[in-house]
Amino acid sequence: MSRPRDAAATKAALLDAATKLFGERGFDRTTVRDIANLAGVNQALLFRYYGSKDALFATVLATQSRELLEDSPAEHLLRTVLLRMLEKQPRREDHPLYAVLRSSHHDSAADVVRRQLGEEYARALASLTDAQDAELRADLVLAWVVGIGVLRTVFGKQPLAGADSAEVAALVIRAAAVLLEHTDVG
């Protein structure tokens, strides 16, 4: 006799397993089979619920981003994001920015990344200014942060790649406060 399926529990188990394995091994060294085995389910269920490994990775990123957004007041969000992004020093090809770039050609993954990493962060950042062009200002700061991450982590551009994380964050926050005046520069 087979046990009844619990779709929500299966999806949660897959998400938890993927989060753990992507964090430990990186995107490329994590297989669908490994995720399914850790979750205790058939790998076909991963494809049923998430569509692809790339889409599951995008969902992992979106979930982590949502948690970060919920845990950080808007005025501290930029500092928190920068420090997390800059302090992580995994092998470059394991950095989440690589996986985001690799996943962006899949429609479902790109949609999750765009919606979660773009719109939600932009909305939080836009709340840090009273200017009429708040959305534009937020997008500019968000683009700058992503660009910093790409130059530092993906390209290893010096001196940025070797710079102290706290120093980089402090410089960026002070400059971003020109656009987002309610940013905590402390």
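Before I start, one definition: a residue counts as buried when its relative accessible area is under 20%. With that cut-off in mind, Ser165, which is found in helix α9, counts as buried because its relative accessibility is 12%. Please keep in mind throughout that what we are looking at is a predicted model.

Let me stay with Ser165 for a moment, since its surroundings are informative. Leaving out residues up to four places away in sequence, Ser165 touches Leu83, Leu86 and Glu87, and it also touches Arg152. Leu83, Leu86 and Glu87 fall within the span of α5, residues 74-87, while Arg152 falls within α8, residues 134-154.

Now to the overall layout. The protein has nine helices and zero strands, and reading along the sequence one therefore meets the pattern α-α-α-α-α-α-α-α-α, where a helix is a DSSP run of at least four residues. Of the 186 residues, 44% are buried. If we take the contacts between residues at least 6 apart in sequence, 68% of them join residues that are at least 24 apart.

Which residues touch the most other members of the largest nonpolar core? They are Leu77, Leu78, Leu82 and Leu125, in a core that counts 27 residues. Five helices, namely α4 (53-71), α5 (74-87), α7 (107-126), α8 (134-154) and α9 (165-179), each supply at least two residues of this core. There is also a second, separate core of 19 residues, and Ala18, Leu21, Phe22 and Ala36 are included in it. Going back to the largest core, Leu125 is in contact with Leu77 and Leu78, with Ala138, Val141 and Leu142, and with Leu180, once its neighbours within four places in sequence are set aside.

Leu77 comes up again when we look at the loop between α4 and α5, where Ser72 lies. Ser72 is buried, since its relative accessible area is 12%, and, not counting residues up to four places away in sequence, Ser72 touches Leu77 and Thr80.

I would now like to move towards the N-terminal part, beginning with Phe22, which I have just named as a member of the second core. The structure holds one aromatic pair, and the partners are Phe22 and Phe57, arranged edge-to-face with 4.9 Å from centre to centre and 80 degrees between the planes. Phe22 lies in helix α1 and Phe57 in helix α4, so the pair ties together parts that are 35 residues apart in sequence. Phe22 is buried, with a relative accessible area of 6%, and Phe57 is likewise buried, with a relative accessible area of 6%.

Helix α1 also holds Leu15, which is buried at a relative accessible area of 16%. Not counting residues up to four places away in sequence, Leu15 touches Tyr50, Leu56, Thr59, Val60 and Thr63. The C-alpha atoms of Leu15 and Ala36, which are 21 residues apart along the chain, are separated by 9.8 Å.

Tyr50 leads us to helix α3, residues 43-50, whose buried residues are Leu45, Leu46 and Tyr50. Why can we say that these buried residues line one face of the helix? Seen down the axis of α3, they fall within an arc of 110 degrees, and so they line one face. As for what that face meets, the buried residues of α3 pack against α1 (7-25), α2 (32-39) and α4.

Both ends of α3 deserve a remark. At its start, a side-chain oxygen of Asn42 reaches to within 2.6 Å of the backbone nitrogen of Ala44, and just after the helix Gly51 takes a positive phi of about 90 degrees.

This part of the chain also carries an annotation, which I mention with due caution: an unreviewed UniProt entry lists residues 31-50 as "DNA-binding region", and such annotations may be inferred rather than shown by experiment. In the model, that span is 80% helix and 0% strand, and its end C-alpha atoms lie 14 Å apart.

Finally, a backbone detail for those who would like to inspect the geometry themselves. The peptide bond from Gln158 to Pro159 is cis, with omega near 10 degrees, and Pro159 is found in the loop between α8 and α9.

Methods. Residues are numbered from 1 along each chain as its sequence is written. This is a predicted model: local features need pLDDT of at least 70, side-chain atom pairs count only at pLDDT 80 or more; totals for chains, interfaces and linings use all residues. Side-chain values use heavy atoms; hydrogens and water are left out. A nonpolar core is a set of buried Ala, Val, Leu, Ile, Met, Phe, Trp, Tyr and Cys residues joined through side-chain atoms within 4.5 Å. Buried means under 20% relative accessible area, exposed over 50%, partly exposed in between (1.4 Å probe, protein chains only). Contact means heavy atoms within 4.5 Å. The arc is that of the directions from the helix axis to the C-beta atoms. A polar contact is a pair of N or O atoms within 3.5 Å; within protein, one must be able to donate a hydrogen and the other to accept it, and residues adjacent in sequence count only if both atoms are side-chain atoms. Rings of Phe, Tyr and Trp (its six-membered ring) pair if their centres lie within 6.5 Å; planes under 30 degrees apart count as stacked, over 60 as edge-to-face and the rest as tilted.
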